[in-house]
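Welcome, and please take a moment to look over the model shown here. We will then walk through it step by step.

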Amino acid sequence: MVVNSKNSTDASLPVKWEVYYTEAGSPAGNTPLTGGEIPALKPGEMFTLRYNPEGNPNSKAGNYMFRLINPASDVNQKECWSGAVYCIGPIKPANVFVNLLPNPGKITVGIKTTGAAPASAVYEFVIHDVVNNREAARHSLSGGGRVTVSLPPGTYAVAETQSGGALSYSKSIDGNIALASGQNVYVTFNNRFPEPVKGFMQITMNVEGAAPQGAAYEVSISGPSGSIKRSIYAGQTITVELPQGYYEVSATNSGGAAQVRRNPTGSIPVYSGQYSAVSITNVYTP
């Protein structure tokens with residue numbers, strides 16, 4: 001008897017079947033005695049395979065097994081065998097139960113990056129069926145992506161085979177994964193890239209008119225890295241190291257100036273490994 005699991009989300013595709021014989025042990029590799037096709041089954045629907053050894057003129061006592069070809073929605077599952085039914089003379093029909101589409105487990109794999117990861121980087125991972133020593137799934141993802149793979153219960157190893165040029169990577173689960181029926185397991189690969197090279201902003205403070213003796217000035221720099229403040233004196237130029245991006249520069253303490261001018265106006269771009277300059281002028285009137 002073959003059943004499409006009641007937990008399946010869709011009808012199964014038609015499946016070819018064969019029956020094999022061996023005097024002892026496994027009949028795998030022998031020539032099939034006969035075969036047929038299981039029709040599409042709705043979730044929970046059952047189909048009975050029948051083979052009567054007594055209808056075979058050369059029937060003998062031994063092991064009889066059914067084989068299903070490409071039995072599941074997972075294209076990597078090429079075959080499924082029933083348990084062996086040992087028949088002795090006189091041979092009589094017997095029943096075996098095969099679950100066509102077992103309630104799968106799921107492994108969700110996600111990709112994270114740290115540092116200056118290239119926008120075009122592609123990350124590939126492979127899920128390996130440890131017990132059957134075969135590749136169960138292979139997928140490619142972009143940074144921040146994730147994919148869920150449905151798999152029969154079993155033991156699996158998940159490995160990243162392409163890291164997009166990362167310096168190193170780690171994963172959230174070490175070792176093999178024992179996946180149970182209906183279980184959801186999440187695995188995250190963290191690919192580490194070099195930290196981006198910072199740029200520099202040079203800020204010059206000028207005054208016009210009669211500035212108060214010992215006046216203190218303060219500037220604010222706001223951008224991708226947040227907001228920072230720096231103290232500066234009249235006639236002084238300070239250099240601030242910043243991540244690449246656009247920044248707003250303003251005087252938060254003008255020392256009582258009547259007017260504040262800035263050159264250039266607008267957002268100031270900072271590029272990796274380069275210097276950008278801005279000057280602030282506090283104007284005092286008599």
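A useful term to begin with is burial: a residue is called buried under 20% relative accessible area, exposed over 50%, and partly exposed in between (1.4 Å probe, protein chains only). This is a predicted model, in which local features need pLDDT of at least 70 and side-chain atom pairs count only at pLDDT 80 or more, while totals for chains, interfaces and linings use all residues. Residues are numbered from 1 along each chain as its sequence is written, and side-chain values use heavy atoms, with hydrogens and water left out.

Let us start with the whole chain. It has zero helices and 24 strands; here helices (H or I, at least four residues) and strands (E, at least two) are DSSP runs, numbered from the N terminus. Along the principal axes, the C-alpha atoms fill a box of roughly 120 × 35 × 25 Å. The radius of gyration of the chain is 35 Å, whereas a compact globule of 286 residues would have one near 19 Å. That radius is taken over C-alpha atoms, and the globule rule is 2.2 Å times the number of residues to the power 0.38. Of the 286 residues, 35% count as buried. The chain exposes about 15800 Å², and carbon and sulfur atoms supply 50% of that area; accessible areas come from the Shrake-Rupley method with a 1.4 Å probe, and for residues only the protein chains shown count as cover. Among contacts with a separation of 6 or more, 63% are between residues 24 or more positions apart, where contact means heavy atoms within 4.5 Å.

Now find strand E5, residues 62-69. Seven of its eight residues are buried. Two strands are said to pair if DSSP finds at least two bridges between them. Strand E2 (residues 15-22) runs antiparallel to E5, joined to it by seven bridges, and Thr22 has Asn63 in E5 as its bridge partner. E5 also pairs with strand E7 (residues 85-87), antiparallel and over three bridges; there the partner of Asn63 is Tyr86. Strand E6 (residues 79-81) is another antiparallel partner of E5, again with three bridges, and Ile69 is matched with Glu79 in E6.

Further along the chain, which residues have the most contacts inside the largest nonpolar core? They are Ile107, Phe125, Ile127, Leu151 and Val158, in a core of 22 residues. A nonpolar core is a set of buried Ala, Val, Leu, Ile, Met, Phe, Trp, Tyr and Cys residues joined through side-chain atoms within 4.5 Å. Several strands each supply at least two residues of this core, including E9 (105-114), E10 (122-129) and E13 (154-162). Leaving aside neighbours within four places in sequence, Ile127 is in contact with residues including Ile107, Val149, Leu151 and Val158. Apart from this core lies another, of 19 residues, among them Met201, Ile203, Ala215 and Ile238.

An open sheet of four strands follows the order E12-E9-E16-E14, with mixed pairing. E12 and E14 (168-171) stand at the edges, each with a single partner strand, so one side of each is left without a neighbour in the sheet. E14 pairs with E16 in the antiparallel sense over four bridges, and Tyr169 stands opposite Asn191 in E16.

A few single residues round off the tour. Asn282 lies in strand E24 (residues 275-283) and is buried, with a relative accessible area of 0%. Leaving out residues up to four places away in sequence, Asn282 touches residues including Met205, Tyr217, Ser254 and Val260. The C-alpha atoms of Asn282 and Val109 are separated by 56 Å.

Is Gly214 buried or exposed? Gly214 counts as exposed, at 71% relative accessibility, and its place is in the loop between strand E17 (199-208) and strand E18 (217-223). Asn133, in the loop between E10 and E11, is exposed with a relative accessible area of 62%. Asn133 also has a positive phi of about 50 degrees although it is not a glycine. Finally, a cis peptide bond joins Asn263 and Pro264, with omega about 0 degrees; Pro264 lies in the loop between strand E22 (259-263) and strand E23 (268-270).
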